[in-house]
Amino acid sequence: MRTLLARGQQRGGPGMLQPTGMEGWLEVFAHPLVGGLACAGAGRRTAGARAVCDRGGVWIGDSMGKGVLAHVPGAGAYAQGMDVSSLSAAAGGPAYTLPPALLNKARALEHLRTALYFGGTAWDLLFLGLLLRSGAGARISRWAAARTRRRGGGPFSERPLLQGLLVAPAFLLLLALAGLPGELIGHRAALAYGLSVEHWPAWWGDLAESELITLALGTPLLLGVWALLRASPRLWWLWLWALLQPFVILGVFLAPVTLDPLFNHFTPLAAQNPALVKRLEQVAQLGGLHIAPERMFVEDASRRVTGMNAYVTGLGRSKRIVVWDTTLAKVPPDEILAIYAHEQGHYVLGHIPEGIAFSAALTLGLLLLLARVFRAAVRRWGEQWRIADEGDWAALPLLLLLATLLSFLAAPAGNAWSRMDEHAADVYGQRLLQQLLPNAAAVEVADFNRLGRAWLEDPAPNRFVVWWTSTHPPTADRAEQARRMGTP
Ligand SMILES: [Zn+2]
């Protein structure tokens, strides 16, 4: 499972090819881990968060879902025809390997992802810094004030809420524009490496749609922040945090029925593969979980990507199992069970409520810090940057800059938490599978190799980069662990 709300924070799972983009700032308000928690729609972002999913993990994509990523030309077909038996038997060597031709590509891709992530964050900060220092932010805010002022003047002629209705979308659009080059590089690379099959017109459509959602959610959020800032200059961050929590939980609940269908089609799994439904139910029952066949869906991921995935999403009545159509086409049933058992682990082990609690705590700390640093910066440089006070809309670029910076610095904490959960879900999934399949470890190892190839996972990623950016342990570690568990 992985995150949903993010962007900067991490490269969703393996496979992510996106630069951090501008929505990194949103993470301060609702930590991406929450999304991940719900694993809401592989790779979709909700409320500016990216929902990533598991195993093959996924996305690239900017705000909800466009983007994508995925692997090498021909790798999907390669994975399909892969000889599983030779892999599982190969004790001694590394548990996860890539053929030489794929290895070079995987390494190049890993470098590109790293550059896009760190470079993208640096670019975001630089862009926002320039908006501040050049006074462009202040000019936009004065322009909006002039357009919304009551006629006649006087001390109460300003209408800050109306002013915000102009300023907030203006900044969100500027940020989207600034992030565009990174998005383009990411999608170009995803196409070049064969990870994505989405043509440019469709990609632009997805991009426009996700930007509209960012505007629709980001504008009221920023208006709320400003209203609270003016009403309670000392404790606005605490009020904001308290008000956001119900929305975060509601978002996890609603994402699969509201946001996900905006980007993909879902059809009942039972119509396509009734045999698989039976087997998935078996795994669910073993784990004490009951998910009715009507709650199992196939997602048309092949419109965008070549990689494979499956995930559990939603909360309570919106809970469901989703299998990508690419998975049905390329992964043998036993391995689909392995992928699913891992996902089920997130549910059964309580990673969703736990993750919501962790994210809430992290968000609270980040907002407190944000409020302190924001206040200090306005006092120290306000005059120079033409910001009257904290409630001045001219301070918006400063707030976004600090939010982006704090999200970036907090990424290792959220990712460490996520990797811990992923590891626990791996162990749970394999133990469950062992009750159904005598060769469970071999199936797991084969599956990690298949997905690692499809998503072009580097067998030896840089450990510092993993520590900072990875939501999942490296595929090589996961395959190694699977093999160890199968060794008596
Ligand atoms: Zn997972």
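What follows is a conversation about reading a helix pair and a sheet in a predicted model.

Trainee: Let's start with the helices. What do I need to describe two packed helices?

Mentor: Two packed helices are described by the angle between their axes and the distance between those axes. Here, take helix 8, residues 236-258, and helix 14, residues 351-381: they pack at an angle of about 155 degrees, and their axes are 10 Å apart.

Trainee: Are helix 8 and helix 14 roughly parallel or roughly antiparallel?

Mentor: Roughly antiparallel, because their angle falls in the class over 145 degrees. The crossing of helix 8 and helix 14 is right-handed.

Trainee: Which residues make the contact?

Mentor: On helix 8, look at Trp236, Trp237, Leu240, Trp241, Gln245, Val248 and Ile249. Helix 14 brings Ile356, Ala360, Thr363, Leu364, Leu367, Leu368, Leu370 and Ala371. Sort the residues of this contact by type and you get 13 nonpolar, 2 polar and no charged.

Trainee: OK, on to the sheet. What is its strand order?

Mentor: It's an open sheet of 4 strands, ordered 1-2-4-3, with mixed pairing. Strand 1 (266-268) and strand 3 (310-313) are at the edges with a single partner strand each, so one side of each has no neighbour in the sheet. On average, neighbouring strands are turned by 30 degrees against each other, direction ignored.

Trainee: Where does the mixed pairing show up around strand 4?

Mentor: Compare its two partners. Strand 2 (residues 296-299) pairs with strand 4 (residues 320-324) in the parallel sense, over 4 bridges. In that pair, Val298 stands opposite Val323, and Glu299 stands opposite Trp324. Strand 3 and strand 4 run antiparallel and are joined by 4 bridges, with Thr313 opposite Arg320.

Trainee: What sits between strand 3 and strand 4?

Mentor: They form a hairpin with 6 residues between the strands, and Gly314 there takes a positive phi near 85 degrees.

Trainee: How do I read the two faces of a strand?

Mentor: In a regular strand the side chains alternate between the two faces of the sheet. For strand 4, Arg320, Val322 and Trp324 go on one side, while Ile321 and Val323 go on the other.

Trainee: Is strand 4 buried or exposed?

Mentor: Buried: 5 of its 5 residues are, so strand 4 is largely enclosed by the rest of the structure. Both of its faces are covered, and that includes the side with Arg320.

Conventions:
Residues numbered from 1 in each chain as written. Predicted model: local features only at pLDDT ≥ 70, side-chain atom pairs only at ≥ 80, totals over all residues. Axes fitted to C-alpha atoms, helices over the stretch in contact; angles between N-to-C directions. Helix = DSSP H or I, 4+ residues; strand = E, 2+ residues; numbered from the N terminus. Parallel < 35°, antiparallel > 145°, perpendicular 65-115°, else oblique. Left-handed = near helix turned anticlockwise from the far one by under 90°. Contact = placed C-beta atoms within 7 Å. Nonpolar A, V, L, I, M, F, W, Y, C, P; charged D, E, K, R; others polar. Pairing = 2+ DSSP bridges. Buried ≥ 20, exposed ≤ 12 C-beta atoms within 10 Å, placed from the backbone.
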